[in-house]
Amino acid sequence: MALASPPIERLIRRGGAERVSKAAAKELAKILEDYAVDISRKALEYAHEENRKTVRKGDIKKAIKTSSQFSKY
């Protein structure tokens, strides 16, 4: 797991939780990591379409917008 539990726990608390189990933090970290990898892959495809090796901010934003989840970002 690339995402550490304490920052994930803080995010959950920021969402309003008073207490957070380690299992909940691990599960959210797994989901966020999977989502980030999917977005990164889509962004890389957009960069390759423009004959670039570098993924740019716009590629990430475009990948998020075309994703069915979390499109408000």
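Which helix does Lys 22 lie in? Helix H2 is where Lys 22 sits, and the views below come from a predicted model.

**View 1. Lys 22, an exposed residue of H2.** Here's Lys 22 in helix H2. Its relative accessibility comes out at 54%, and Lys 22 counts as exposed because the cut-off for that label is over 50%. Look for Glu 9 as well: the C-alpha atoms of Lys 22 and Glu 9 are separated by 8.0 Å, with the two positions 13 residues apart along the chain count.

**View 2. Arg 13 in helix H1.** This close-up picks out Arg 13, part of the helix that covers residues 5–14. With a relative accessible area of 38%, Arg 13 is partly exposed, so it falls between the 20% and 50% cut-offs. Leaving aside residues up to four places away in sequence, Arg 13 touches Glu 18 and Val 20.

**View 3. H2 packing against H3.** Helix H2 (residues 22–49) meets helix H3 (residues 57–66) at an angle of about 115°, and their axes are 8 Å apart. The crossing of H2 past H3 is right-handed. On the H2 side, the residues to find are Tyr 35, Ile 39, Lys 42, Ala 43, Tyr 46 and Ala 47. Facing them from H3 are Asp 59, Ile 60, Lys 62, Ala 63, Ile 64 and Thr 66. Sort the residues of this contact by type and you get eight nonpolar, one polar and three charged.

**View 4. The largest nonpolar core.** Six residues make up this core: Tyr 35, Ile 39, Ala 43, Tyr 46, Ala 63 and Ile 64. Both H2 and H3 chip in, each with at least two residues. H2 supplies the largest share, four residues.

**View 5. Asp 59, a buried charged residue of H3.** Back in helix H3, this view centres on Asp 59. Its relative accessibility is just 5%, so Asp 59 counts as buried, the cut-off being under 20%. What does the side chain of Asp 59 have at 2.8 Å from one of its polar atoms? That would be the backbone nitrogen of Arg 56. Not counting residues up to four places away in sequence, Asp 59 also touches Ala 43, Tyr 46 and Ala 47, along with Arg 52 and Thr 54. Ala 43 and Tyr 46 should look familiar, as they belong to the nonpolar core of the previous view.

How values were computed
Residues numbered from 1 in each chain as written. Predicted model: local features only at pLDDT ≥ 70, side-chain atom pairs only at ≥ 80, totals over all residues. Heavy atoms only, no water. Buried < 20%, exposed > 50% of the residue type's maximum accessible area, 1.4 Å probe, protein only. Contact = heavy atoms within 4.5 Å. Axes fitted to C-alpha atoms, helices over the stretch in contact; angles between N-to-C directions. Left-handed = near helix turned anticlockwise from the far one by under 90°. Polar contact = N/O pair within 3.5 Å; in protein donor to acceptor, adjacent residues only side chain to side chain. Core = buried A, V, L, I, M, F, W, Y, C linked by side-chain atoms within 4.5 Å.
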